[in-house]
Amino acid sequence: MYKLVKDIDGNIKSVKRLYDNAFIPFDPANTDYQAYLKWLEEGNEPLPADEEK
Amino acid sequence: MPIILDGTAGITTPMYGGSIAANAVTPVTGFKNRLINGAMVINQRAGGTVTINSAAWTYVTDRFCFLGQSTDGVFTAQQSSTAPAGFNNSLLVTVTTADASIGASQIYTLRHTIEGYNVADLNWGTSDAKAVTLSFWVRSSVTGTFSGCFNNEGTASYPFTYAISSANTWEQKTITVAGPTSGTWGTTNSNGIRLTWSLGVGSTYSGTASAWNYSTEYFAASSTTNLISTNGATFYITGVQLEVGSTATSFDYRPYGTELALCQRYFCKTFDYATAPANNGGNNGMLMCGTISSGNYEPNAMWRFPVEMRADPTVTLYNPGTGTTGQWTSGGGTTSSNARIGSGGTGGIVIDNTDTTLTGSSNWRIQAAAFAEL
């Protein structure tokens, strides 16, 4: 399971992999991001990002 | 070495009793080894003996990773100080639960992936593809014909075999491969060449040895020895080198700091070298900062990576002390709840926090590790 993460400007540019709390950036060359895209293709959806304080 | 220039004899080197040509040695050039950490010296993850019991790639010594299965066979992997002459380390595999009947699609392997930038000059996938030679030292308690494979990220595969003829004895193996004239081979920061050593591969992923095929993804040669089938079996490997040409030459020793920096392009951490990344792993190397108040107080630290990483890395955060894992901790023992990567790239990241209740009077601390392996 993944959760979207907002950056300092409020944009969503990464996800948090919840089983190990790893932050995965939206970089096509990142192998964890490639795995996330496959997970999406299987019909899964990430949890929404937290609202900014 | 003295050199004599003589109008009759030409150029001679009397100390060695012959001509320049006769005394010539193979020139030593830097970076002839396209692999990184082939001597298994760098071990940033410092994980000790790692159990491989899942189908997830697991790194042990830097740049070398293992794939196992979630059921059936289990093995451990660790950096070892058992090594052949000229080396100080190796990578050791020990089978702890044998799989004597490997399923057709099951894969137990050791893998090293070379980044495209480091093999772009080989022209693989073209009519100008260059030959390469793989050499390595291996020692196993099991004898037989073992195998491995060259791959791209698609279906280009070249299974190879090598014989281990004497149990528990170091042997150097050499495999020369003609460059593939087909297939897509990465030449930038993606996969260039994948090298696999089979510890046990099922029939679906095993193919004909010593020939390129461009239609099936293989990781081993058919009908070869499977280490995973023998409980207690051991397998050591070191001195792994891939070089251009058809001859294996001496191992390309690089300075320790250079080899470490090469590894850090793919994995680095704030922790001391010998400390395994973990929560409650101590303060050495940690990032520490006060807080920035913008309505609420929050820690905000910059981590500049030791070298430019291959890609924007996956980052895992660690609490240096006790308390909630992956969170900032204060000198007073308070932990945050919402540490995050506020911004990042291949050069570094900003770690901040989105709590609303932190105070501004503490020194906030955090550790991190960055992963950009292939």
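## Chain A: elements and overall form

In this predicted model, chain A has one helix and three strands. Read from the N terminus, the order of these elements is β-β-β-α, so the helix follows the strands in sequence.

The radius of gyration of chain A is 11 Å, which agrees with the value near 10 Å that a compact globule of 53 residues would have. Along the principal axes, the C-alpha atoms of chain A fill a box of roughly 30 × 20 × 20 Å. Of the 53 residues in chain A, 38% count as buried. For contacts in chain A between residues at least 6 apart in sequence, 31% join residues at least 24 apart.

## Chain A: surface and charge

Chain A exposes about 3200 Å², and carbon and sulfur atoms supply 50% of this area. The chain carries 7 positive and 11 negative charges. The mean positions of the two sets of charges in chain A are 4 Å apart.

## Chain B: elements and overall form

The secondary structure of chain B consists of two helices and 26 strands. Its C-alpha atoms fill a box of roughly 85 × 65 × 40 Å along the principal axes. Of the 374 residues of chain B, 51% count as buried. Among contacts in chain B with a sequence separation of 6 or more, 72% are between residues 24 or more positions apart.

The exposed area of chain B is about 14800 Å², of which carbon and sulfur atoms supply 49%. Chain B has 16 positive and 20 negative charges, and the mean positions of the two sets are 2 Å apart.

## A six-stranded sheet in chain B

Six strands of chain B form an open sheet in the order β5-β6-β9-β14-β11-β12, with antiparallel pairing. The edges are β5 (58-59) and β12 (157-164) of chain B; each has a single partner strand, so one side of each is left without a neighbour in the sheet. Strands of a sheet pair through backbone hydrogen bonds, either parallel or antiparallel.

In the order of this sheet, β9 of chain B stands between β6 and β14. Strand β6 (residues 64-67) of chain B pairs with β9 (residues 107-115) of chain B in the antiparallel sense, over four bridges. Within this pairing, C65(B) has R111(B) of β9(B) as its bridge partner, and F66(B) has L110(B). On the other pairing, nine bridges join β9(B) to strand β14 (residues 191-201) of chain B, and these two strands also run antiparallel. There, I107(B) has V201(B) of β14(B) as its bridge partner.

## Burial of strand β9 in chain B

Nine of the nine residues of β9(B) are buried. In a regular strand the side chains alternate between the two faces of the sheet. In β9(B), both faces are covered. One side has I107(B), T109(B), R111(B), T113(B) and E115(B), and the other has Y108(B), L110(B), H112(B) and I114(B). The buried set therefore includes residues that count as charged, R111(B) and E115(B).

## I193 of chain B and its surroundings

I193(B) lies in strand β14 of chain B. Its relative accessibility is 1%, so I193(B) counts as buried, the cut-off being under 20%. Leaving out residues up to four places away in sequence, I193(B) touches H112(B), T113(B), I114(B), V119(B), L122(B), W124(B), F150(B), N151(B), W185(B) and L242(B). Of these, H112(B), T113(B) and I114(B) are among the buried residues of β9(B).

The C-alpha atoms of I193(B) and M302(B) are 34 Å apart in space, and the two residues are 109 apart in sequence.

## Residues with positive phi

Most residues other than glycine have a negative phi. In chain A, N21(A) has a positive phi of about 60 degrees although it is not a glycine. N21(A) is in the loop between β2 (12-17) and β3 (22-25) of chain A. With a relative accessible area of 29%, N21(A) is partly exposed.

In chain B, M40(B) is likewise not a glycine and has a positive phi of about 60 degrees. M40(B) is found in the loop between α1 (20-23) and β4 (50-52) of chain B. At 0% relative accessibility, M40(B) counts as buried.

Methods
Residues numbered from 1 in each chain as written. Chains lettered and ligands numbered in written order. Predicted model: local features only at pLDDT ≥ 70, side-chain atom pairs only at ≥ 80, totals over all residues. Heavy atoms only, no water. Rg over C-alpha atoms; globule rule 2.2 N^0.38 Å. Buried < 20%, exposed > 50% of the residue type's maximum accessible area, 1.4 Å probe, protein only. Contact = heavy atoms within 4.5 Å. Areas by Shrake-Rupley, 256 points an atom, 1.4 Å probe, with all protein chains shown as cover. Charge placed at Lys NZ, Arg CZ, Asp CG, Glu CD. Pairing = 2+ DSSP bridges.
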